[in-house]
Amino acid sequence: MALFVDIEKKLGDFRLQMRFEAGNGVLALLGASGSGKSMTLKCIAGIERPDKGRIVLDGRVLFDSERHIDLPPQKRRVGYLFQQYALFPNMTVEQNIACGVRDRAARTEAVREMIRRMRLEGLEKKRPRQLSGGEQQRAALARILVNEPEVLLLDEPFSALDSHLRFRLEQEAREVIGRFGGTVLLVSHDRDEVFRLADRVALMKDGSIEAAGEKHAVFAAPRTVNGARLTGCKNISAVRALDGEHVFAQDWGLALRVDGDVTGVTHVGIRMHDVTPCPDGAGENVFRFRAAEEIENPFSVTVMLRPTEAEGAQPVGMELPKEEWAARRGAEIFAALPPEKIILLRG
Amino acid sequence: MDWFPLWNSLRIAGISTVVIFFLGILSAYYIAKAPRIVKGVLDVVLTIPLVLPPTVVGYLLLRVLGPKRPVGAWVLSVFGVRLTMTWWSAIFATSVVIFPLMYRTARAAFESFDETLAQSGQTLGLSNTYIFWRVRMPACRQGILAGTVLAFARALGEYGATSMIAGYTPGRTATISTTVYQLWRTDNDALAFRWVMVNLAISAVVLLAVNLLEKKQAPGRSG
C-alpha cells in the first residue's frame with residue numbers, strides 16, 4: 001500500500017506545493033491552521049482539484065494533469081473522516097452505513113458485521129444527533145470502513161472535542177487505524193495527538209512540507225523555527241555563531257556551547273523541561289537567572305528566568321515538577337541549558 | 001353556487017406549484033454554484049417578477065404569448081393552439097409570479113447546507129443525483145417546504161396577471177379572485193362574500209398544514 005502525491009495549487013496568494021510518499025502506517029501532516037493540510041486531503045479525495053501534478057494510490061492514477069486524468073471522488077476509494085463526521089442527519093445509523101456499501105448483494109450482511117465490529121448494536125435505528133460523540137465517531141468510521149477504502153484520510157478528527165472526550169476517542173480511533181493496516185493520513189495542529197497516533201510526521205509551513213521523517217527523529221530535531229514551534233518548543237532565540245562550537249543567543253544575551261555543526265544555524269531552541277536547575281552553579285552552559293515570573297500548571301511549574309548579566313533580555317522558560325521547584329525556589333537561581341539538549345535550527 | 005372557480009383556482013395553483021418546484025430548485029442549485037458575476041445578474045433577472053406589479057407581468061406575457069406576438073403566433077400556426085384566454089393560460093401568469101418565491105427560499109436553504117455532507121457522500125461512492133435527492137434535499141426540506149407552500153398560496157391568490165392573460169369567462173377561465181372581483185363589480189355582494197369566506201378557509205387550511213408539517217418533521221431535524 002502506498003500513496004504518492006506531487007501536486008500544486010494556487011489560491012490567491014497562497015500556494016500549495018506538496019510532494020510526499022506514504023506507505024503503510026500513519027503519516028501525520030502537522031501544521032498551523034492555514035498551512036494547507038486540509039486542502040491536501042481534499043485534493044487526494046478529489047473534492048478539490050490541484051492545478052497540476054500527480055496523485056497515485058497503489059499504482060492506480062487518481063490524478064495526473066499531464067495525462068488529463070482526474071477520477072471523481074466516487075471512484076477514488078478514499079475514506080475521508082471529516083471533523084464533524086458529516087453523518088447524514090436524515091438517516092439512521094444503519095442507513096448511514098448501508099448507503100456506502102458498493103456491493104448491493106452483500107449489503108445487509110456487511111452492515112450487520114460492521115455494526116458488531118464498531119460496537120454499535122442497539123443504535124441501528126437511531127439518528128446521528130441522538131448519539132454521543134464517541135458513538136458518532138464509531139458510526140462515521142463504520143460507514144467509511146464498510147466501503148473498503150484503500151487509504152484513510154483523517155481531517156482534524158478530534159480538534160472540536162472537549163479534552164476528556166478527546167483522549168478516549170483518540171484511543172478508539174487508534175485501535176481502528178491499527179486494524180485497518182493500510183495507509184493513513186492524519187491532519188492536525190496538535191503535536192501531542194500527532195505524536196501519539198502517527199508513525200511518521202511531516203511538518204508543514206505555508207503550503208509545503210518543511211521536514212519529514214520518523215516521529216521521534218522529527219520531534220528530537222525539528223530543524224527549522226517553524227518545526228520547533230510546531231513540535232512544542234517554546235524557548236527559541238536568534239543566534240550569531242562565535243566559533244565552531246559556540247553561539248551567542250541574542251534574545252537571551254547568553255553565549256552557549258552547542259553540540260554539532262553550527263554552520264548556517266540561525267536560531268537555537270530548548271524545550272522548557274530540558275532547562276534544569278543547577279544548585280552548585282558549576283557545569284557547562286550554567287548561568288545565573290532571576291526568577292521573573294512563576295506560572296503554575298496542574299502538575300508542574302513554569303518559571304520564567306531572566307539572565308542576571310543581560311538586562312532587557314528575553315526570559316527563558318523552565319518547567320519542573322512542583323515539589324522540585326518548592327525545594328529550589330529562590331529569587332536568584334543557577335540553571336543549565338545542556339548542550340546536548342539545544343536544538344540547532346536553520347531558518 | 002357554481003363551484004367551478006374553486007376547482008379552476010386549485011388546478012392552476014397546483015400545476016404551477018409543481019412546475020415551479022422543480023424549476024425553482026434546479027435554478028437555485030445551479031445558480032448557487034455559478035461564478036459571482038453570473039450569479040448576481042441571474043439573481044436580479046429571476047427575482048424581478050417578485051417586485052413588478054402583476055399587471056406589468058401580464059402585459060409582458062401578452063407581448064410574448066399573444067396571438068399576434070412572436071411566440072404566440074408561432075404556436076398558433078404550428079399547433080393551432082391559442083396561448084391566451086384559456087384556463088391554462090393562467091398557469092403562465094402564476095408560474096412567473098411565484099417563481100421568485102420558490103427560487104429564493106430554495107437558494108437560501110442550499111446556501112446554509114453543510115457541503116461536507118455532500119463531499120462525504122461523494123467519497124463514499126454515492127452518485128451526485130443520490131446525494132441531491134437523499135441528502136441535500138432532506139437537509140434543506142424546511143426551507144423548501146416553506147417556499148413551496150408560500151408559492152402555492154401566492155398562486156391561489158394571483159389576480160392581476162391572470163385576469164389579463166386568461167380573462168374572466170364564467171365556467172371556463174374564472175378563478176376565485178377574478179370571480180370575487182366580477183361579483184363585486186356587478187353588485188352581487190352576497191355571493192362575493194361567500195367566495196371571500198371560501199378563500200379565507202383555504203388560506204387557513206394551507207397555513208395550518210404548514211404548521212402541522214413542521215411539527216411532525218421537527219424530530220428529524222439535525223441538531
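**A guided reading of a predicted two-chain model**

B:Lys39, B:Asp43, B:Arg104, B:Arg107 and B:Glu111 are joined to one another in a network of salt bridges. The structure that contains this network is a predicted model. Side chains of opposite charge can pair when their charged atoms come close. One pair in the network is that of B:Asp43 and B:Arg104, which form a salt bridge whose closest N and O atoms are 3.6 Å apart. This pair links distant parts of the chain: B:Asp43 belongs to helix α2 of chain B, B:Arg104 belongs to helix α5 (residues 89-111) of chain B, and the two are 61 residues apart. How do the two partners stand with respect to the surface, buried or partly exposed? B:Asp43 has a relative accessible area of 14% and is therefore buried, because the limit for a buried residue is under 20%. B:Arg104, with a relative accessible area of 34%, is partly exposed.

Chain B as a whole may be considered next. It contains eleven helices and zero strands, so that the pattern along its sequence reads α-α-α-α-α-α-α-α-α-α-α. Taken along the principal axes, the C-alpha atoms of chain B fill a box of roughly 65 × 45 × 30 Å. Of the 223 residues in chain B, 43% are buried. Among the contacts in chain B with a separation of 6 or more, 72% are accounted for by residues 24 or more positions apart. The chain exposes about 11,600 Å², and carbon and sulfur atoms supply 68% of that area.

Helix α2 of chain B, already met through B:Asp43, spans residues 36-51 and also holds B:Leu50. Together with B:Val44, B:Ile48 and B:Val51, B:Leu50 makes a nonpolar surface patch of about 360 Å². B:Leu50 counts as partly exposed because its relative accessibility is 41%.

From the surface the description turns to the interior. The largest nonpolar core has 70 residues, and those that touch the most other members are A:Leu3, A:Leu153, A:Leu185, B:Ile25, B:Phe110 and B:Ile144. Helix α1 (residues 4-33) of chain B provides the largest share of this core, namely eight residues. A second, separate core of 43 residues includes A:Val26, A:Leu87, A:Leu131 and A:Ala139. Which residues does B:Ile144 touch, not counting residues up to four places away in sequence? They are B:Phe21, B:Ile25, B:Met102, B:Ala106, B:Phe110 and B:Met137.

A contact between the chains is found at B:Ser120, a residue of helix α6 (residues 115-123) of chain B. B:Ser120 touches A:Phe82, A:Ala86, A:Phe88 and A:Arg143, not counting residues up to four places away in sequence. With 2% relative accessibility, B:Ser120 counts as buried.

Chain A shows how strands are arranged in this model. An open sheet of five strands has the order β16-β20-β17-β18-β19 in chain A, and its pairing is antiparallel. Its edge strands are β16 (276-277) and β19 (316-321) of chain A, each of which pairs on one side only. The neighbour of β19(A) is strand β18 (residues 300-307) of chain A, and the two pair in the antiparallel sense over six bridges. Within this arrangement, A:Val301 stands opposite A:Leu320 in β19(A).

Other strands of chain A pair as well. Strand β12 (residues 235-243) and strand β15 (residues 267-270) of chain A pair in the antiparallel sense over four bridges, and A:Ile236 stands opposite A:Gly269 in β15(A). β15(A) also pairs with strand β21 (residues 343-345) of chain A, in the antiparallel sense and over three bridges. Here A:His267 stands opposite A:Leu345 in β21(A).

The account closes by returning to charged pairs. Over all chains, a search of the whole structure finds 30 salt bridges. In one of them A:Arg49 pairs with A:Asp70, the closest N and O atoms being 3.0 Å apart. This pair, too, links distant parts of its chain: A:Arg49 lies in the loop between α1 (37-45) and β4 (52-57) of chain A, while A:Asp70 lies in strand β6 (residues 69-70) of chain A, 21 residues apart. A:Arg49 counts as exposed at 53% relative accessibility, whereas A:Asp70 counts as partly exposed at 32%. In another salt bridge the side chains of A:Asp259 and A:Arg257 meet at 3.5 Å, N to O. A:Asp259 counts as partly exposed at 37% relative accessibility, and A:Arg257 counts as buried at 18%.

Terms used:
Residues are numbered from 1 along each chain as its sequence is written. Chains are lettered from A and ligands numbered from 1 in the order in which they are written. This is a predicted model: local features need pLDDT of at least 70, side-chain atom pairs count only at pLDDT 80 or more; totals for chains, interfaces and linings use all residues. Side-chain values use heavy atoms; hydrogens and water are left out. A nonpolar core is a set of buried Ala, Val, Leu, Ile, Met, Phe, Trp, Tyr and Cys residues joined through side-chain atoms within 4.5 Å. Buried means under 20% relative accessible area, exposed over 50%, partly exposed in between (1.4 Å probe, protein chains only). Contact means heavy atoms within 4.5 Å. Two strands pair if DSSP finds at least two bridges between them. Patches are made of residues with over 30% relative accessible area and no salt bridge: like charges are joined within 9 Å, nonpolar side chains (Val, Leu, Ile, Met, Phe, Trp, Tyr) within 5 Å. Accessible areas come from the Shrake-Rupley method with a 1.4 Å probe; for residues, only the protein chains shown count as cover. A salt bridge is a side-chain nitrogen of Lys or Arg within 4 Å of a carboxyl oxygen of Asp or Glu.
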